[in-house]
Amino acid sequence: MKENTTASSVLPVAPTRGRLRPLGLGEVRISGGFWARRRHVNATATLDHCRDWEERVGWTGNFKAAVEGRIQHDRRGREFADSDVYKLLEAMAWERGHPADPALEDTIAAAQEPDGYLNTAYGRPGQQPRYSDLEWGHELYCYGHLIQAGVAQARARGEAELAKTARRAADHVCAMFGKGGIESVCGHPVIETALVELARLTGEQRYLDQAALFIARRGQGTLADGEFGRAYYQDDIPVRDATVLRGHAVRALYLASGAVDVAVENGDEELLAAVVRQWESTVARRTYLTGGMGSHHRDESFGDDFVLPPDRAYSETCAGVASVMLSWRLLLATGEPRFADLAERTLFNVVAASPSEDGRSFFYANTLHRRRRGTVPPPDTDSPRAESSLRAPWFAVSCCPTNVARTLAVLPAYLATTDGSGIQLHQYADAEITTGGIALRVITDYPYDGRVTIRIDRAPAHPWTLSLRVPAWAQGTETWLTAPDGSRRAVAPGTAEVTRVFRPGDEVRLELPVLARWLTPDPRIDAIRGTVAVQRGPLVYCAESTDLPGEQEVDAIRVDPSAAPEDGEDGSVAVAGEITAQPDAPWPYHPLDGARATGGDPTRIVLVPYHSWANRGPSTMRVWLPTLD
């Protein structure tokens with residue numbers, strides 16, 4: 001395995017082709033503001049929290065039990081528990097200030113079979129045979145996260161035991177599932193992205209070929225038709241023929257990410273166009289206002305077009321992470337800012353919503369309407385239910401905490417890119433960027449303030465272009481760009497550029513209209529017809545019972561969208577409305593002209609950023625607010 005830990009190589013996605021080149025973790029440093037605070041909590045609290053819980057529930061101990069021959073009786077956790085250990089190791093590798101865990105890595109390596117097979121749930125005496133349940137066994141899925149952790153280690157810290165273990169596992173996969181081998185796929189995609197990234201790291205073509213083979217096999221009906229149908233694991237329609245993302249949301253988004261990786265490396269424009277088409281349809285018809293995806297609890301899947309009930313939003317945190325992964329890959333491949341728009345929305349309103357302020361409890365599912373006040377989960381017990389009413393410290397299936405941890409660890413790599421013409425800024429945060437003879441600082445209090453200043457500290461003596469994304473949410477308002485010479489011009493959503501010979505001390509200023517605005521839903525979304533929501537910049541807002549007088553609940557709120565929302569203190573927003581008492585009746589349906597509620601007193605209703613809800617104790621909450629009759 002190649003060992004390359006230069007600043008430009010320390011990144012989670014490193015395509016060899018594409019419109020844009022990502023900047024590595026050594027080239028971008030988030031220095032303050034919204035994301036710096038969350039990354040600090042992630043590094044100082046969340047990583048240790050996850051490690052402690054994985055030890056407590058026995059998931060890390062599974063590898064030692066396998067080595068010592070106790071696994072048949074002592075294994076703990078679901079069949080895919082290995083994958084969450086690997087995701088934590090990946091997060092620790094990217095987080096340079098966090099120590100590695102060589103003892104655990106050595107134990108994992110010792111549990112690997114001589115032919116490269118590695119799984120604590122299958123293949124040993126007393127367990128089911130290897131690859132006997134490709135639909136639900138998750139063996140290849142676990143390899144995917146192992147390989148991603150190994151790639152992270154090799155790029156961020158240099159090759160060590162985990163990276164070698166991952167390479168042996170990948171060789172085993174190619175031997176077992178290559179041409180002439182097992183002609184099937186895993187019920188849960190992720191091996192595809194991992195193999196492509198390993199190919200990028202090592203230069204070994206066979207890993208890319210195997211990923212392409214898995215993509216080509218998907219949708220050919222090689223998996224059994226189960227309870228939720230083959231669409232659940234995207235084995236019903238070939239990737240090239242699908243028109244929308246469907247089935248289990250995380251699986252669909254991981255698969256699409258792998259397809260983009262394969263398409264980019266192979267120059268397969270047809271495959272790339274197919275994924276873009278699926279992304280477009282999904283965003284237009286199957287995505288929540290927050291960026292969340294997945295409206296079915298039973299199978300954690302996408303619903304049909306416009307089936308987006310707020311109170312039944314599953315919107316799994318892992319689906320949010322996977323959506324960011326897909327959008328980032330599409331942005332790198334095409335250079336189109338719309339993909340960064342969705343990534344921003346999802347980062348602020350799904351990924352940031354999952355962890356508590358102290359980084360030690362999490363939402364697995366992210367509802368947009370909580371009808372009943374939640375109950376505080378025990379601090380020392382894992383939650384058996386994904387849709388916990390408040391953030392829980394751990395889950396029986398805890399894919400989301402480790403997914404959040406690894407995402408926040410690599411977040412600086414999602415901020416900026418470069419190409420032959422200059423530097424492109426896609427996400428805004430206080431940051432320092434140094435690459436290719438250019439050094440600049442981004443100064444902003446985004447997302448609470450729309451002023452973004454880019455100060456040049458070092459630049460070459462020839463013209464280059466600084467490109468800034470103007471978010472789609474700014475449509476219909478005034479956005480201004482000021483160049484170093486003082487000239488000021490209006491810019492529209494998309495990309496704003498300044499091309500010149502920059503000198504140290506030059507500043508470019510972008511003024512984004514971060515103002516609270518009412519939004520109305522597409523009338524085809526039946527569940528929220530007759531309601532409105534508030535968005536301020538990229539942040540979606542919600543009403544929380546904590547801010548209502550007395551013991552009122554959010555379902556008593558009616559708002560007046562004819563009055564503009566007003567910015568409040570500490571990032572809150574105030575809107576005009578009423579808190580209206582609902583009368584009890586023996587029958588909940590009334591004639592159109594019948595009385596349905598007593599009139600409430602006009603009042604100001606405080607809304608808070610959705611990502612912050614439920615940090616102040618049990619509450620009811622809603623994003624989409626009914627209007628006054």
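Two strands count as paired when DSSP finds at least two bridges between them. All views show a predicted model.

**View 1. Strand S19 and its partner strands S17, S18 and S20**. Strand S19 spans residues 573-579. Here 7 of the 7 residues are buried, so the strand is largely enclosed by the rest of the structure. Val573, Val575, Gly577 and Ile579 point one way. Ala574, Ala576 and Glu578 point the other way. Strand S17 (residues 557-559) joins S19 through 3 bridges and runs antiparallel to S19. Arg558 stands opposite Glu578. Strand S18 (residues 566-567) pairs with S19 over 2 bridges, also in the antiparallel sense. In that pair, Glu566 faces Ala574. The hairpin of S18 and S19 has 5 residues between its strands, and Asp570 takes a positive phi near 60 degrees there. Strand S20 (residues 602-609) is an antiparallel partner of S19 over 6 bridges. Val606 of S20 is the bridge partner of Ala574.

**View 2. An open antiparallel sheet of 7 strands**. The strand order is S2-S6-S7-S8-S13-S10-S11. Strand S2 (28-32) and strand S11 (488-490) stand at the edges. Each has a single partner strand, so one side of each is left without a neighbour in the sheet. From one strand to the next, the twist averages 15 degrees. At the S2 edge, 4 bridges link S2 to strand S6 (residues 430-435). Ile30 has Ala431 in S6 as its bridge partner.

**View 3. Trp35 in the largest nonpolar core**. This core has 183 residues. Trp35 and Leu440 have the most contacts inside it. Beyond its neighbours within four places in sequence, Trp35 is in contact with Ile30, Leu347, Phe348, Ala352, Leu408, Leu411 and Ala429. A second, separate core has 21 residues, including Leu308, Ala313, Leu368 and Ala533.

**View 4. Helix H13 and the elements packed against its buried residues**. H13 covers residues 337-351 and has 15 residues. From first C-alpha to last, the helix reaches 20 Å, close to the 21 Å expected at 1.5 Å a residue. H13 is mostly covered, with 12 of its 15 residues buried. Among them are Phe339, Leu342, Leu347, Phe348 and Val351. Polar and charged side chains are on the list too: Asp341, Glu344, Thr346 and Asn349 are buried. The helices packed against the buried residues of H13 are H1 (33-56), H11 (269-285), H12 (317-334) and H14 (399-410). Strand S9 (464-470) and strand S16 (539-544) pack there as well.

**View 5. Surroundings of Ser315 in the loop between H11 and H12**. What is the relative accessibility of Ser315? The value is 0%, so Ser315 counts as buried. Residues up to four places away in sequence are left out of its contact list. Ser315 touches Thr290, Gly292, Met293 and Gly294. Val350, Tyr364, Ala365 and Asn366 are also in contact with Ser315.

**View 6. Val13 in the segment before strand S1 (21-22)**. Val13 is at 4% relative accessibility and therefore counts as buried. With residues up to four places away in sequence not counted, Val13 touches Pro22, Arg155, Glu197, Arg200, Asp261, Trp328, Arg329 and Leu332. Asp526 lies 39 Å from Val13, C-alpha to C-alpha, and 513 residues away in sequence.

**View 7. Three salt bridges, at Arg130, Arg371 and Glu544**. The count for the model comes to 47 salt bridges. In one of them, Arg130 and Asp115 bring their closest N and O atoms to 2.7 Å. Both residues lie in the loop between helix H5 (102-110) and helix H6 (139-156), so the pair ties together parts that are 15 residues apart in sequence. Arg130 is partly exposed at 29%, and Asp115 is partly exposed at 38%.

Arg371 and Asp555 meet at 3.7 Å, N to O. Arg371 lies in the loop between strand S3 (369-370) and H14, and Asp555 in the loop between S16 and S17, so the pair ties together parts 184 residues apart in sequence. Arg371 is partly exposed at 48%. Asp555, at 27%, is partly exposed too.

Glu544 bonds to Arg616 in a salt bridge, with the closest N and O atoms 3.0 Å apart. Glu544 lies in strand S16 and Arg616 in the loop between S20 and strand S21 (621-622), so parts 72 residues apart in sequence are tied together. Is Glu544 buried or exposed? Glu544 is buried, with a relative accessible area of 1%. Arg616 is partly exposed at 44%. Elsewhere, salt bridges that share partners join Arg155, Glu197, Arg200, Asp261, Glu265 and Arg329 into one network.

Conventions: Residues are numbered from 1 along each chain as its sequence is written. This is a predicted model: local features need pLDDT of at least 70, side-chain atom pairs count only at pLDDT 80 or more; totals for chains, interfaces and linings use all residues. Side-chain values use heavy atoms; hydrogens and water are left out. The expected span of a helix is 1.5 Å times one less than its number of residues. Buried means under 20% relative accessible area, exposed over 50%, partly exposed in between (1.4 Å probe, protein chains only). Contact means heavy atoms within 4.5 Å. A nonpolar core is a set of buried Ala, Val, Leu, Ile, Met, Phe, Trp, Tyr and Cys residues joined through side-chain atoms within 4.5 Å. Axes are lines fitted to C-alpha atoms, for helices over the stretch in contact, and angles run from 0 to 180 degrees between N-to-C directions. A salt bridge is a side-chain nitrogen of Lys or Arg within 4 Å of a carboxyl oxygen of Asp or Glu.
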